Amino acid sequence: MPRTNNRETQTVLRHWQEDVPDDRLAHLIRDAGRVLTKSLQTRLAEHSVSFGHWSFLRILWVTEGLTQRELSEQAGLMEPTTFTALKAMEAKGLIERRQLNGNRKNIHIYLTEKGRNLKKTLIPLAEEVNDIAVQGVECEDLRVTRRTLLKIISNIAEANE
């Protein structure tokens with residue numbers, strides 16, 4: 001049973017196949033990311049987790065105790081956006097904020113047990129979306145795609161130095 005709006009995905013696919021098959025790569029990457037994100041959003045929603053919260057959970061599963069500023073930087077978001085998301089995550093019991101060593105300026109973000117435990121439920125959902133996305137794609141094509149996308153990121157990073 002499909003878990004996403006297949007009509008939306010089919011519209012994006014038809015657009016690229018029929019309307020603009022040779023349009024800029026940036027647009028194709030954005031649309032591919034959008035349909036992947038939508039597919040994951042649907043699965044996360046079944047567990048009452050928003051995609052925005054997913055981004056912060058992924059970071060915190062790797063490194064807890066980050067300040068709000070550090071978390072914002074790693075997520076690539078503005079601090080007010082992060083503040084709003086963290087407030088909602090705290091209300092859901094996913095994170096807690098702590099002051100360390102009496103430093104009232106920096107608040108550090110830690111997962112609660114509930115937030116930590118979501119990892120074993122949510123990671124398989126992301127893996128499922130990834131597995132669906134790469135069905136029928138040859139391993140070598142995936143390696144080339146990954147290498148190409150990393151080179152694109154590297155080129156943009158170098159150009160912006």
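A residue is called buried under 20% relative accessible area, exposed over 50%, and partly exposed in between (1.4 Å probe, protein chains only). By this scale glutamate 79 is partly exposed, with a relative accessible area of 28%.

The model is predicted: local features need pLDDT of at least 70 and side-chain atom pairs count only at pLDDT 80 or more, while totals for chains, interfaces and linings use all residues. Residues are numbered from 1 along each chain as its sequence is written, and side-chain values use heavy atoms, with hydrogens and water left out.

A salt bridge is a side-chain nitrogen of Lys or Arg within 4 Å of a carboxyl oxygen of Asp or Glu. The count by this rule is 8; the table gives some of the pairs.

| Acidic residue | Basic residue | N to O distance |
|---|---|---|
| Glutamate 64 | Arginine 116 | 3.1 Å |
| Glutamate 79 | Arginine 69 | 2.9 Å |
| Glutamate 90 | Arginine 97 | 3.0 Å |

Salt bridges with shared partners also join Arg30, Asp31 and Arg34 into one network.

Helices (H or I, at least four residues) and strands (E, at least two) are DSSP runs, numbered from the N terminus. Glutamate 79 belongs to helix α5 (residues 79-91) and arginine 69 to helix α4 (residues 68-75), so their salt bridge ties together parts 10 residues apart in sequence. Glutamate 90 is partly exposed at 34% relative accessible area, and its partner arginine 97 is partly exposed at 24%.

Serine 48 lies in the loop between α2 (25-45) and α3 (51-62). The phi of serine 48 is near 60°, a positive value in a residue other than glycine.
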